[in-house]
Amino acid sequence: MADGEASGAYREFKALTEAADRKYARARDVPLYGGGDHHSRKAFKAYTRLWRAQQERRRELVAGGLRRWEIGEVASRIGQLYYARYLRTAEPRSLVGAYVFYEAIYSRGYFSAAAQAGGGDKHQGLLIRYKELRFIARFLVVAMLMRRAEAVDHLVGRLRSLVEETKSAYPKTNFKEWKQVLQELGRFLKADGAYKGSRSLRYDNLFDSFPSNLASIARFHSKRVLKLKEAVLTSYHRNEVLYTLPASIIYSSFHLSSTIICYKNKPDRLLLYVMQVKFTELTLDTFRMLQCLEWEPTGSYQINAKELTENGTVSDQSGPSGLIDIHLSAEISDGNLPSNPQKAIIYHPTVSHLLAVLATICEDLSQDNILLIYLSASGFTEQSINCQKYASSSSSYARVTSMYPVDKPNSNIRSDNHLWLGPRGSGGPNNLYPEDLIPFTRYPLFLVIDSENSHAFKVIHNSEKGEPAALLLSPRIASAMPGAESMGNGSQFTYFLTAPMQAFCQLAGITSEIDSDTYANAENKLLSALEQYEGILCTSVGLNNVWGQILPDPFLRRLILRFIFCRAVIFYFHPDENGEHLPTCLPSLPESVSPNSEAIKAPILMLAENLVVSDQFHFRHSIHNNKK
C-alpha cells in the first residue's frame, strides 16, 4: 500500500512536471521584448506548485523513484525563468534569484551526484552530464553579470574538468562543441578581466554622480526632458577567414569591433582569422553595454557571496530543499534606486528581425522617453575586403590603405554605406542602411554606431521624420600602440564608452600588471576629469537642445561625457587632419568641450603623467579646424 502511494505521488509529480514544462516552452518561445510576461507568470506559477510539491512530499517521491537530477532540473528551470525575467524587465532582483537557485543546485550537487550514480546506464549518464554542462554555462553567465569573480573562477575550473571527465568516460562521443565553448570562454574572460580591481561598469551614485554639478543639470528640467526607457543592443561579427595577405605585411590593429585576430603563416601568405569575442549568445561588447545601462546595487540589495564546492557541502544531501525560496527575489529590493532601462539584447539578428524589434518597441515608447540603439557590426562583406594599416608610432601617423587580392570572387568591390548583418553572401537582405532607421526617428532616438562604416549614418542627421536624433559614431579607423595586443579587448569605441579607464590603459600600452594603487589613483583622476567635463558641458552657451533634453538622464549623460573623453584622448594620441581616427557626434557638441579646449586637454595630460605614458601622446599638437 505504501509503495502504491509512493508511486502515485511520483506519477502526480511527473504530470505536474509535464504541465510546467509546456508552460515553460511557451514562455521561452516568446521574445524578451514588447510584452509577453503573461506566459512567464504562468510558468512561474506552475513551477511554484511543482517546487512546493517536491518539498512537501519529498520522502514519498524519493520512494516512488524521484531522482536527484530531476530536482535539479526543476530548480534549473526556475533559475532560467528568473534570468529571462531579468532580461525582460532589467530587474536586478531577478538576476539575484537566478544566482541563488543556480548556487543551490551547484552546491548540492544535484547533477554531478546523479551522473556519478548513473550505474551501468551509460546513455542516461551522458544525458545528465550534458544537463550539467549546460547548467554550468548558464550559471557562469549569471555569475559574470553579478561580477562574482571567485565564483566565476571556480565554475570555469569545474567546466573544464567536467568536459575532460566526460570525454574520458564517453570516448566515442564528439565534444568538439564544448571544446569551442571553453575556447570562447577563455577569450571572453581574458578580455573582461584584463585589469583586475577595476570597479563595476554599472552606474554607481558614489562615483558617477557629481553633486557639484547638480544645479547646472537642474536648469534643463525647465524644458522638455527625455528619460532612457528602452535600449536595443546588438553586435554582429561572424567568425571566418576574411583576408589572405602577403606574409611580409604587418598590421598593428584592425577596426573589427568585438573581434580578435589570429595569424597563421604560410610560405608567402598570411591568414587572418576573425573571431568575435563572446560566450554563449552574449558578445563582449553587448555584455559591457548591458551593464553600463544599469544601476549598481547597494546595501542590503546585494546578497552575500557563498563559497562554491564541486559536489556540495550540505550535510543532508537527500533532505528537502526548503532553504531555496522561490519568492526570494521579491524580498530583495533597493528603494533608493530607480528602475533600470529595459533592454532587448539581440544576438546575430537579420536586418528584418532587427527592424521588427525596433518597430515593436517603438509602439510602446512615449514622447517623453528615448530609445537607445546600439549597433556594433562590420561594414565589410564577402565582396568588400579592405585591409588597412592603422596607427603607428611614427611622426607622420600616415594612414596606409591597400587593396590585396583575396581567395574570393569580386573582392575588389567595396561599399561603405551600410552595416553587414548576415551569415553568408552580400546584398540587400543582409545590409542595414542608415535609411532603414530613419522611419524610427518619429520617436526620440539615441544612436551609438560602432563600425568602420559608422560615418554613413551621418545622413540621419537633418533627415529625421519628427524627432531630432542624437548620434555617437565610432572612428573609421582604430588607434593602437605598435605591437599592442588590442583586438582581444573588443571594440575600442565601446570600451571607452563603458570602461574608459581600462580603454585608456589599453590604448597607451599599459599592461594588466599595473599596480592596484596606481590604477585606483588614475581612476580618481579620471572621475575628476569627467566631473570637470560635465560642469563645462552643462554650462556651455549654445548647447544644442538635442543634447540638453537628454543630459538630465544619468546613463546618457555618462555616455556623452565618456565620448568627450574618448575623442580627446584619441585626438592627442593620434592627431591627423582627416579625422578618420576620431569618433564623431551629431549634432555637434559645443566648442568648449572640443579636444582643442585647454580645459579638456589638461586632465588628460595629468592622467597620462600619473601613469607615466605622456610620451605616447602629442599634447602640443592642436588642430583648430577640427571641431567635431
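Here a trainee and a mentor talk through the labels attached to this predicted model.

Trainee: Before we start, what should I keep in mind about the model?

Mentor: The model is predicted, so local features need pLDDT of at least 70 and side-chain atom pairs count only at pLDDT 80 or more, while totals for chains, interfaces and linings use all residues. Residues are numbered from 1 along each chain as its sequence is written, and side-chain values use heavy atoms, with hydrogens and water left out.

Trainee: Why is Lys45 called exposed?

Mentor: Exposed means over 50% relative accessible area, buried means under 20%, and partly exposed is in between, with a 1.4 Å probe and protein chains only. Lys45 has 66% relative accessibility, so Lys45 counts as exposed. You will find Lys45 in helix H2; helices here are DSSP runs of H or I with at least four residues, strands are E runs of at least two, and both are numbered from the N terminus.

Trainee: Which residues form a positive surface patch, and what makes a patch?

Mentor: Arg22, Arg26, Lys42 and Lys45 form a positive one. Helix H1 (2–29) and helix H2 (37–56) are the elements that give two or more residues to that patch. Patch residues have over 30% relative accessible area and no salt bridge (a side-chain nitrogen of Lys or Arg within 4 Å of a carboxyl oxygen of Asp or Glu). Like charges are joined within 9 Å, and nonpolar side chains (Val, Leu, Ile, Met, Phe, Trp, Tyr) within 5 Å. For a charge, the place is NZ of Lys, CZ of Arg, CG of Asp or CD of Glu.

Trainee: What makes Tyr99 and Phe139 an edge-to-face pair?

Mentor: Rings of Phe, Tyr and Trp (its six-membered ring) pair if their centres lie within 6.5 Å; planes under 30 degrees apart are stacked, over 60 edge-to-face, and the rest tilted. Tyr99 and Phe139 are 5.5 Å centre to centre with 65° between the planes, which fits edge-to-face. Tyr99 sits in helix H5 (residues 92–108) and Phe139 in helix H7 (residues 122–145), so the pair ties together parts 40 residues apart in sequence. Tyr99, at 2% relative accessibility, counts as buried, and Phe139 is buried at 0%.

Trainee: How do you know that Tyr203 and Phe555 are edge-to-face too?

Mentor: Their ring centres are 5.8 Å apart and their planes stand at 70°, so this pair is edge-to-face. The pair links distant parts of the chain, 352 residues apart: Tyr203 is in the loop between helix H9 (176–192) and helix H10 (205–208), and Phe555 is in helix H19 (residues 554–573). Tyr203 is buried at 2%, and Phe555 is buried at 3%.

Trainee: How many aromatic pairs does a search of the whole structure find?

Mentor: The search finds 25. There is also one aromatic cluster formed by Phe496, Phe504, Phe565, Phe571, Tyr572, Phe573, Phe617 and Phe619.

Trainee: Why is His348 called partly exposed?

Mentor: His348 has 25% relative accessibility, so the label is partly exposed. His348 lies in the loop between strand E7 (342–347) and helix H13 (351–363), and has a positive phi of about 45° although it is not a glycine.

Trainee: What makes a positive phi worth pointing out?

Mentor: Most residues other than glycine have a negative phi. Val612 also has a positive value, near 55°, and counts as exposed at 68% relative accessibility.

Note on methods: Accessible areas come from the Shrake-Rupley method with a 1.4 Å probe; for residues, only the protein chains shown count as cover. Lys and Arg count as positive and Asp and Glu as negative; His and the chain ends are not counted.
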